[in-house]
Amino acid sequence: MKIERIGVIGAGTMGNGIAQCFAAAGYPVVLQDLSQDALDRARTTMQSSLARQVRKGTLDQAAADATLARITPVTDIAAMADRDLVVEAIVEKLEIKTAVLKQLDAICRADAVLASNTSSISLTQLAAESQHPERVIGMHFFNPVPVMQLVEIIRALQTSDAVAEAVSAVTRAIGKTPRVSKDSYGFVVNRLLAPLINEAVNCVHEGLATPEDIDSMMKLGANHPMGPLALGDLIGLDIVLDIMETLYDGFDDPKYRPSPLLKQMVHAGWLGRKTGKGFADYTA
């Protein structure tokens, strides 16, 4: 199974990073979003990311320009018809991902691989909605995508060996490290990470310590490069809540109950870095 042409659905933080990584490795990429404004913002973000690499000397200007030139922004999902691999990186909602998957089923070739960048939703459940469930797989990238090394490869119960091998191979081809997980709510990383962030939020909620001190304790005492609350702000507290709700509903286990404070902050629109306010103030 040869993967040469890439499609990415969703031009947000994860989608533009995924598109950039494939394009930087030489793959032609179609980046689709319903919003032209989102596509314009994605291009600006990718330009800034590539410019940082040029300033650091890890990339020359010609390579940066070539990377951007390989990315074709579109608003029509029908442009995915000739893609060998399509990665969806849209909102973490089962019903929305399912709707997009069904669209891709009708548009893409029967042998095209359909990958989801979901951070917690069951791939087996997603694959069951496809006419060709054996081609559905998870490719869980991490933020910031151009920097983070890991891609968590999640096999649905239905995923074929050929698809899993091809996706692992293309992950290595873009300079990332694939690690394979069976399908389970939250997979490996977020099953461990999201509850840690959630419990740090509970510590704030109970008044055990300030957010700054909680993060400092974890950095100094557990050698974490970033405190759990700062990491939650980076990921997006709405995403953390989505993951916790998926774990809580999926496992029906009270240890995954989302913190009341986490819910309140999401309801207030305090989502972290992307809104300028979370457990820290980023407006400056």
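Which residues does the UniProt annotation "domain: 3-hydroxyacyl-CoA dehydrogenase C-terminal" cover? According to that unreviewed entry, the stretch is residues 186-282. Keep in mind as you read on that this is a predicted model.

**Two annotated stretches**

UniProt, again in an unreviewed entry, also places "domain: 3-hydroxyacyl-CoA dehydrogenase NAD binding" at residues 6-183. Here is how the two spans look in the model:

| UniProt feature span | Helix | Strand | Distance between end C-alpha atoms |
|---|---|---|---|
| residues 6-183 | 42% | 21% | 24 Å |
| residues 186-282 | 63% | 0% | 28 Å |

So much for the record; the domain assignment used for the rest of this report splits the chain into domain 1 (6-182) and domain 2 (191-275).

**Where the two domains meet**

Picture the C-alpha centres of domain 1 and domain 2 sitting 26 Å apart. Domain 1 puts 6 residues into the contact, and domain 2 puts in 5. Together they bury about 480 Å², with carbon and sulfur atoms giving 55% of that area. On the domain 1 side, E92, S120 and N143 do much of the work: they supply 62% of the area that domain 1 buries against domain 2, more than any other three residues.

What about the polar side of things? Between domain 1 and domain 2 there is 1 salt bridge, and the count of residue pairs in polar contact is 2. Sorted by class, the face of domain 1 that touches domain 2 has 1 nonpolar, 3 polar and 2 charged residues.

One salt bridge to look up in the viewer is K93 with D242, where the closest N and O atoms are 3.3 Å apart.

**Salt bridges across the structure**

How many salt bridges does the structure hold? The total is 12. Another one pairs D84 with R5, and here the closest N and O atoms come to 3.6 Å. D84 is in the loop between strand 3 (71-74) and strand 4 (85-88), while R5 belongs to the segment before strand 1 (6-9), so this pair ties together parts that are 79 residues apart in sequence.

**Backbone spots to check**

N143 turns up again here, since a cis peptide bond joins N143 and P144, with omega about 0°. You'll find P144 in the loop between strand 6 (136-141) and strand 7 (150-155). Remember that N143 is also one of the three residues named above for the area domain 1 buries against domain 2.

Over at N223, phi is near 60°, a positive value in a residue other than glycine. N223 is in the loop that runs between helix 8 (211-222) and helix 9 (228-235).

**Listed binding-site residues**

Which residues does UniProt list for "binding site"? The unreviewed entry gives S49, K56 and S119. They are spread over 71 residues of sequence, and they are spread in space too, with up to 30.5 Å between C-alpha atoms. If you want a starting point for finding them, S49 lies in helix 2, which covers residues 36-56.

Definitions and conventions:
Residues are numbered from 1 along each chain as its sequence is written. This is a predicted model: local features need pLDDT of at least 70, side-chain atom pairs count only at pLDDT 80 or more; totals for chains, interfaces and linings use all residues. Side-chain values use heavy atoms; hydrogens and water are left out. Domain bounds come from an automatic or database domain assignment. Contact means heavy atoms within 4.5 Å. Buried area is the accessible area (1.4 Å probe) that two parts lose on being put together, summed over both. A salt bridge is a side-chain nitrogen of Lys or Arg within 4 Å of a carboxyl oxygen of Asp or Glu. A polar contact is a pair of N or O atoms within 3.5 Å; within protein, one must be able to donate a hydrogen and the other to accept it, and residues adjacent in sequence count only if both atoms are side-chain atoms. Ala, Val, Leu, Ile, Met, Phe, Trp, Tyr, Cys and Pro count as nonpolar, Asp, Glu, Lys and Arg as charged, and the others, Gly among them, as polar. UniProt positions are given in the numbering used here, feature names are shortened, and annotations may be inferred rather than shown by experiment. Helices (H or I, at least four residues) and strands (E, at least two) are DSSP runs, numbered from the N terminus.
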